[in-house]
Amino acid sequence: MNQQVILDSMSGTGMIPVFNHANVEIATGVLDAAYAAGIKVFEFTNRGTHSLEVFSALKLHSEKYQDLFLGIGTIFSVEEAKNFLYAGADFIVSPALVPEVALYCTMKGVLWIPGCATVTEVFQAKTLGAKLIKAFPGNLLGPDFIKAVKSIMPDVKLMPTGGVEPTAANLTSWFNSGVFCVGMGSQLFDKKEIENKEFDVLTKKIKEALETIQEIRK
């Protein structure tokens, strides 16, 4: 998989939904709703014993969308990376900087996105060859962290995840700080709407967020 193509797609929409659910039907419904809204890159997270099974089903389902990239998040070990890459993951995301995962993904030619919360970690990730770095947890770091890192490492691409909200004010503060794209999870997915399978509501919400991002970038 060409890593640059995935990065370009991430930049194109500016937002990557981050989602996990134990129910395959709901997970595929969410994926369909996100794609209908214009999402081209989607991150499922490895949280719970069900994750590999659901991800595998989601990957098979996603093959009808030739321009959609499906990655896996919350990866802490090489073994987890191996399992999900075998299941078809297009990219790997970690909440932390895990050198073993970095080296394995680099060897495999797979895009890996480490989570970093300090300048030291960002520099280490950059040294290990990270093409995109997850600023995590975003709600604790804030846009000022992005500005600080960009002031000394302007070429670093950063994606905050955690605390990013689908509002004009919040998205404006993040994109004005210099982010490459944003990851959005709990703020995007209302639990009651998901359980009630109100996927049309989700599509509308994601579409509005994407339109807001495009407006901010003008």
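User: Which helices and strands each supply at least two residues of the lining of the largest pocket?

Analyst: In this predicted model, the strands β1 (15-19), β2 (41-45) and β9 (182-184), together with the helix α9 (191-195), each supply at least two residues of that lining. The largest share, three residues, comes from α9.

User: What is the volume of the largest pocket, and which residues lie nearest its centre?

Analyst: The volume of the largest pocket is about 470 Å³. Its lining is made up of 22 residues, and those nearest the centre are V18, F19, R47, G185 and S186. By class, this lining has 10 polar, seven nonpolar and five charged residues.

User: How do you know that C116 is in no disulfide with C105?

Analyst: A disulfide requires a pair of cysteine sulfur atoms within 2.5 Å. The closest cysteine sulfur to that of C116 belongs to C105 and is 14 Å away, which is too far, so no bond is assigned between them. Seen from C105, the nearest cysteine sulfur is likewise that of C116, and C105 is in no disulfide. By this rule the count of disulfides comes to zero.

User: Why is C105 called buried or exposed?

Analyst: Residues under 20% relative accessible area count as buried. C105 has a relative accessibility of 0%, and therefore C105 counts as buried.

User: What makes C116 count as buried or exposed?

Analyst: The cut-off for a buried residue is again under 20% relative accessible area. Because the relative accessibility of C116 is 1%, C116 counts as buried.

How values were computed:
Residues numbered from 1 in each chain as written. Predicted model: local features only at pLDDT ≥ 70, side-chain atom pairs only at ≥ 80, totals over all residues. Heavy atoms only, no water. 1 Å grid on protein atoms, 1.4 Å probe; cavity = no way out; pocket = protein on both sides within 12 Å on 5 of 7 lines; lining within 4 Å. Points joined across faces, edges and corners; volume = space filled by probe spheres on them. Helix = DSSP H or I, 4+ residues; strand = E, 2+ residues; numbered from the N terminus. Nonpolar A, V, L, I, M, F, W, Y, C, P; charged D, E, K, R; others polar. Buried < 20%, exposed > 50% of the residue type's maximum accessible area, 1.4 Å probe, protein only.
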